[in-house]
Amino acid sequence: MTTSFPNIPVALTVAGSDSSGGAGLQADLKTFHHFGVYGASVVTLLTAQNSRGVWAVQTVEPQFVLAQWDAVTEELLPQAVKTGALGTPEIIHAVADRLQALSCPLVVDPVILSKSGSPLLDEDGVRAMRDLLFPLATLLTPNLREAELLTGTSISDLRTLEKAAAIIAQWGSRHVLVKGPGVDGEAVDVLFSDGRFVWFHRELVPQAQTHGSGCVFSAAITALLAQGKELVEAIDVAKSYVTHALQQAAAVASGFQPMNLHVPIPPGERRA
């Protein structure tokens, strides 16, 4: 019998572990908590990593992934689910099977590469994710490199960013958010939603402070959707939060700095 906490939404992350704590399910759970959402997790893979790179990856057996899912969902009723690094085609098949029964928003962060460029999913895995998960997703959140890999195109400006988002949407998701390039001192993302484009602009933060930014962004969106926020509002507030968390990142590592997830949650700032 599934239950939910009184007045506290539940969000579930299905993702890999980052031993340094800056990304992956650790960042997801921290973000859920900061947004006032109870976070649960299904672990898909383990990484030995720090701010400079990934040393080793160990995937979890698909049957154990399913055992975690069944144990969590027997007791908790998620109001939103997020997927991150899934590791293998077999894990993707297993997760997709359980996601079929979902009636809540699903945010798919198609994690293909780590921040340092280490591969976290092979070509068969990318195809499985595209064919099985994308059609189930409420929102896809690829970054620029992932969008280029998925579409086979080069993204160099706002026009090609729009083109990539529209191509990815053809695989079944109604909403695709491509986290784009820096343009004139701004970090620019585009949402392709029901056939139209919605833009999000914020100050561009130096690239040295970006460990876990994609995970936190999609986790913040997931938390806000679990609270019942509309999609554009959820993205807008999440982008403001990520920008502030990047701006105030503490220098605690020697590579890509983790974000400061303790910053207050600011209001959205979207400009048309």
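Student: How do H1 and helix H7 (residues 213-226) cross, and how close do their axes come?

Tutor: Two packed helices are described by the angle between their axes and the distance between the axes. This model is predicted. Here the axes of H1 and H7 come within 9 Å and cross at roughly 40°. That angle makes H1 oblique to H7. The crossing is right-handed.

Student: Which residues make the contact between H1 and H7?

Tutor: H1 contributes Gly24, Ala27, Asp28, Thr31 and Phe32. From H7 come Cys215, Val216, Ala219, Ala220, Thr222 and Ala223. By class, the contact has seven nonpolar, three polar and one charged residues.

Student: On to the sheet. What is the order of its nine strands?

Tutor: Strands of a sheet pair through backbone hydrogen bonds, either parallel or antiparallel. In this sheet the pairing is mixed, and the sheet is open. Its order is E3-E2-E1-E4-E5-E6-E7-E8-E9.

Student: Which strands are at the edges?

Tutor: Strand E3 (53-59) and strand E9 (196-203). Each pairs on one side only.

Student: Do E2 and E3 run parallel or antiparallel?

Tutor: Antiparallel, with six bridges joining strand E2 (residues 38-50) to E3. Leu45 stands opposite Thr59 in E3.

Student: Where does helix H1 pack on the sheet?

Tutor: Helix H1 (residues 24-34) touches strand E1 (10-18), E2 and strand E4 (80-83). The direction of H1 makes about 150° with that of E1.

Student: And which strands does helix H3 lie across?

Tutor: Helix H3 (residues 89-99) lies across E1, E2, E3, E4 and strand E5 (106-108). H3 runs at about 170° to E4.

Definitions and conventions: Residues are numbered from 1 along each chain as its sequence is written. This is a predicted model: local features need pLDDT of at least 70, side-chain atom pairs count only at pLDDT 80 or more; totals for chains, interfaces and linings use all residues. Side-chain values use heavy atoms; hydrogens and water are left out. Two strands pair if DSSP finds at least two bridges between them. Helices (H or I, at least four residues) and strands (E, at least two) are DSSP runs, numbered from the N terminus. Contact means heavy atoms within 4.5 Å. Axes are lines fitted to C-alpha atoms, for helices over the stretch in contact, and angles run from 0 to 180 degrees between N-to-C directions. Angles under 35 degrees count as roughly parallel, over 145 as roughly antiparallel, 65 to 115 as roughly perpendicular and the rest as oblique. A crossing is left-handed if the near helix is turned anticlockwise from the far one by less than a right angle, and right-handed if clockwise. Ala, Val, Leu, Ile, Met, Phe, Trp, Tyr, Cys and Pro count as nonpolar, Asp, Glu, Lys and Arg as charged, and the others, Gly among them, as polar.
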